[in-house]
Every structure is written in C-alpha cells, then in structure tokens.
Amino acid sequence: PVAGQAGDVLSVVGAEATFVGADGGVSRGARLDLAGPGELTLTHGPGLVAAWLTRAGKTAWPTAQAKATPIPASLALSGEAMSFALKLDQPTLVMARSTAPLIATMRQDGVEAPLVFPAGAALARYLPAGEATLDVFSPHDGALAGALELTASPVKPIGEGLGEPLALAPGAVALFGFEVKRAGEIGVGLRSDPDRARARLLDASGKEVAAGVNAAATLAPGRYVLEARAPADGGTLVVRPALVGVSPPSSGPPEDVAKEFLDMVGLKTGTK
C-alpha cells in the first residue's frame, strides 16, 4: 500500500512497477504521477530495489553537504549519505567504483534517477566540462561502508572511417569523440569482437541522440560522443568505432591523378 497524495511522484529503480490507484486507475513505469493512494506491485529479480515518493518537490533521500573532490581520488565511505562536488576542465569519462553495495546518482544540470549497485558500484558516465555532483546513499538501514575510487579518462578523438581497435574489460566503457562542421546525415557504427558491445550516440551535453551499434542521424554542427559499453557478464571485447559522412568527399581529382598532373609540370604533390 502507498499513502500517496495528489501531485506525488512515485519513482522505482531495479523493478517493473504497476500502481493501482484507489480510484481504479492503473499506471506502469519507472516514474508515476499519483492522483492519490493505491497499491504498488513490484516485479523484480535478485538485487536491490528502491521505491520512493517525492512530494511538493521534496525527495525522501537523505542529503549531505557536497565536498569538493579532485579526480583521481580514493575515499572512505561513512554516514547515511555522502556528496562529492566534481570540477571537470574537459569532456571526461568519470568512473566510480566501490567495495561495498550502495545507491548512487550523478547530477549535472538536473537530477537523475539513482542507480542501485548490490555488489559494489561500477558507474561510468560521460560528463561535459563543468561542475557535477556524485551522491551516494546507504542501501540499507545504517551507514555506508567500504571505499569509493574515482578515476577519469579523456574522450578519444576519431575521424572519418574505421578507428583503431580498443580492448574493453567486462563492464568497461570507452568514449569516442568527433566534430560535425556541416549539418547533414552522419553514419556512426561500432564493431566488436565478440559482437556484444552496446553503443549510444550522445551530444556534447550528454543527451542521447541515438542508440544501437549502427545509427544514421541528421546532426547539426557541434561535438558528439560515441559511447561503447561492454556487458558486465562477459569476457573482454575488442571494439572499433566507425564514422561516415563527417568529412565530405573531395571535389578534386583522385590523389594518383593529381600526382601525375603535378609530375608532368615538374612539381611534387604538396608543393606550391
């Protein structure tokens, strides 16, 4: 039973939620707007499940004063909640790993739903340059335990064509960045061996533009990121990014033909 009120927001992480209101209405999803009290059914597998009500904009999660935290860092966890303020000079892949179960959320220009980690955190997130906050909460009654390690790696630049291969450990993430200078349709792909990698195309702010290992999208000028993620339940993968349409084909003659013409007049390719 849920003692909801009109205007409450019911959020669920780690399960499929079905809410039957006292008025007979049925709703399903991870974020539900309530009209009053009712009954919540959660369908879930093993692991952590979190469900909470937000009322009048106030969340049920405990709050903690954000502490300025440089990266890399190794931190001891304590209390019901901790908050870490991060300052990033460039677009970055931020990784957070813990030695004990916790619930975490990464905030930058908005609030995101918490993620549950029943066997210790393995959070990897693309963040644009600027300020961000990592909040962690105890998943049970009592204080947080263990340690948290924060690391970061830069976005790897890629260009037109097939990129260099990169090995990814189970659960690891890699980011490949590119710039679109003229609006148009761009093809973005990800090869992996074995073929189990997941991919997302993000804009410079981290908003998802497309999902899947092969995508074609009409992109406006700007910077974009291809996120490659290896499943946590497999072995090491080798991934290669692919990009088509960023560099328009040359309007001049083929390189071998241009070289032949230059040789005929006593010049070499690349000279004036």
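Reader: What makes a charge positive or negative here, and how far apart are the mean positions of the two kinds?
Author: Lys and Arg count as positive, Asp and Glu as negative; His and the chain ends are left out. Each charge is placed at NZ of Lys, CZ of Arg, CG of Asp or CD of Glu. On that basis the protein has 23 positive and 27 negative charges, and their mean positions are 4 Å apart.

Reader: What kind of model is this?
Author: It is a predicted model: local features need pLDDT of at least 70, side-chain atom pairs count only at pLDDT 80 or more, and totals for chains, interfaces and linings use all residues. Residues are numbered from 1 along each chain as its sequence is written, and side-chain values use heavy atoms, without hydrogens and water.

Reader: How many helices and strands are there?
Author: One helix and 25 strands. Helices (H or I, at least four residues) and strands (E, at least two) are DSSP runs, numbered from the N terminus.

Reader: Why is the protein called more spread out than a compact globule?
Author: The globule rule is 2.2 Å times the number of residues to the power 0.38, and the radius of gyration is taken over C-alpha atoms. For 272 residues the rule gives 19 Å; the protein has 24 Å, well over that, so it is more spread out. Its C-alpha atoms fill a box of roughly 85 × 45 × 35 Å along the principal axes.

Reader: Why is the pair of W61 and F137 called tilted?
Author: Rings of Phe, Tyr and Trp (its six-membered ring) pair if their centres lie within 6.5 Å; planes under 30 degrees apart are stacked, over 60 edge-to-face, the rest tilted. The protein has three such pairs. W61 and F137 are 4.8 Å apart, centre to centre, with 35° between the planes, hence tilted. W61 sits in the loop between β6 and β7, F137 in strand β14, 76 residues apart.

Reader: What makes F178 and Y224 a stacked pair?
Author: Their centres are 5.9 Å apart and their planes differ by 20°. F178 lies in strand β19 and Y224 in strand β24, so the pair ties together parts 46 residues apart in sequence. Both residues are buried.

Reader: Is A56 buried or exposed?
Author: Buried means under 20% relative accessible area, exposed over 50%, partly exposed in between (1.4 Å probe, protein chains only). A56 has 74%, so it is exposed.

Reader: What is the phi of A56?
Author: Most residues other than glycine have a negative phi. A56 is not a glycine, yet its phi is positive, about 55°.
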